[in-house]
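Subject: Structure for your bench work

Dear colleague,

As promised, I am passing on the structure we discussed. Please look it over alongside the notes below.

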Amino acid sequence: MRLDAAIAAATERLRDASESPRLDAEILLCRTINMPRSYLFAHPEDELDELTLARFEDVLERRETGMPMAYITGTREFWSHEFAVSPATLVPRPETEILVNLAICEIPRDAEWEVLDLGTGSGAIAVSIACDRPLCHVTAVDSSEAALAVARENARGLAPGNVTCELGDWTEPVRGRVFDLIVSNPPYVRSDDGHLAKLRHEPQDALVAGDDGLDAIRILAADCGALLADGGLLLIEHGADQADAVAGLLREQGWSNIACHRDLAGLPRVT
């Protein structure tokens, strides 16, 4: 089969599974033949042999089931860096970049702050902060060893030397320590949320947080104060409809200067 014919056929197959079926088809074919996209345009008449077609068929079938492109390719761009991801981690979302931006804006360029990322997953938040503020030391915590393996890989490749990964449940591995800044993108989806069906390939324990989606944020509100230096800051990502509830939980635990920031779509996203 010619390259152009393979792309056309794959595009049709992916129309129900993707919002960008042709782009996905081109990217998957490029990964299969280990060539840049420009090669597809320059050599549409090239023929795919049976072995290559079989490999292409395998990745197409996975995309047809709704598996995110990031899991198929093993990478996702975030904060202008290419991060390794796996089914053990959530796929980093563009809206989470507001959390990174807020953190970086708070940290002076010459500061040697201690920063804590709780529920780090792929390490995208922790590593992005470490890249932009290399004098800081970032501790990344997650309860999944498989996720931490991905975070360690990203730290080694992008921010060697100033990210430490710790295995454990929320604040447990770092109790007794003091941080200048704590960030977290915790699970915040309600257990009955209909959108979960579309997210079935991603780790559910990194998405779901009880009947109201606030179980993890309750833990952060209760436990993070003991870890912060005087004048320290806590930044939590949450659902667009949870800002008032999150503020209420924080007030109950004695937090002050509570404010919510909107993402690029104008939705309340980080408190």
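What follows covers the nonpolar cores, one helix and one pocket.

This is a predicted model, in which local features need pLDDT of at least 70 and side-chain atom pairs count only at pLDDT 80 or more, while totals for chains, interfaces and linings use all residues. Residues are numbered from 1 along each chain as its sequence is written, and side-chain values use heavy atoms, with hydrogens and water left out.

The largest nonpolar core (buried Ala, Val, Leu, Ile, Met, Phe, Trp, Tyr and Cys residues joined through side-chain atoms within 4.5 Å; buried means under 20% relative accessible area, with a 1.4 Å probe and protein chains only) has 31 residues, of which Ile129, Val163, Val183 and Leu235 touch the most other members. A second, separate core of 23 residues includes Ile182, Ala221, Leu250 and Trp255.

Leaving aside residues up to four places away in sequence, Val183 is in contact (heavy atoms within 4.5 Å) with Leu99, Ala103, Leu116, Asp117, Leu118, Ile125, Ile129 and Leu235. Ile125 and Ile129 are among the buried residues of α7, a helix (a DSSP run of H or I, at least four residues, numbered from the N terminus) that is mostly covered, with 7 of its 9 residues buried.

In the lining of the second largest pocket, β7 (a strand, or DSSP run of E, at least two residues) has the largest share, 6 residues, and both α6 (97-106) and β7 (228-236) supply at least two.

Best wishes

Terms used. Buried means under 20% relative accessible area, exposed over 50%, partly exposed in between (1.4 Å probe, protein chains only).
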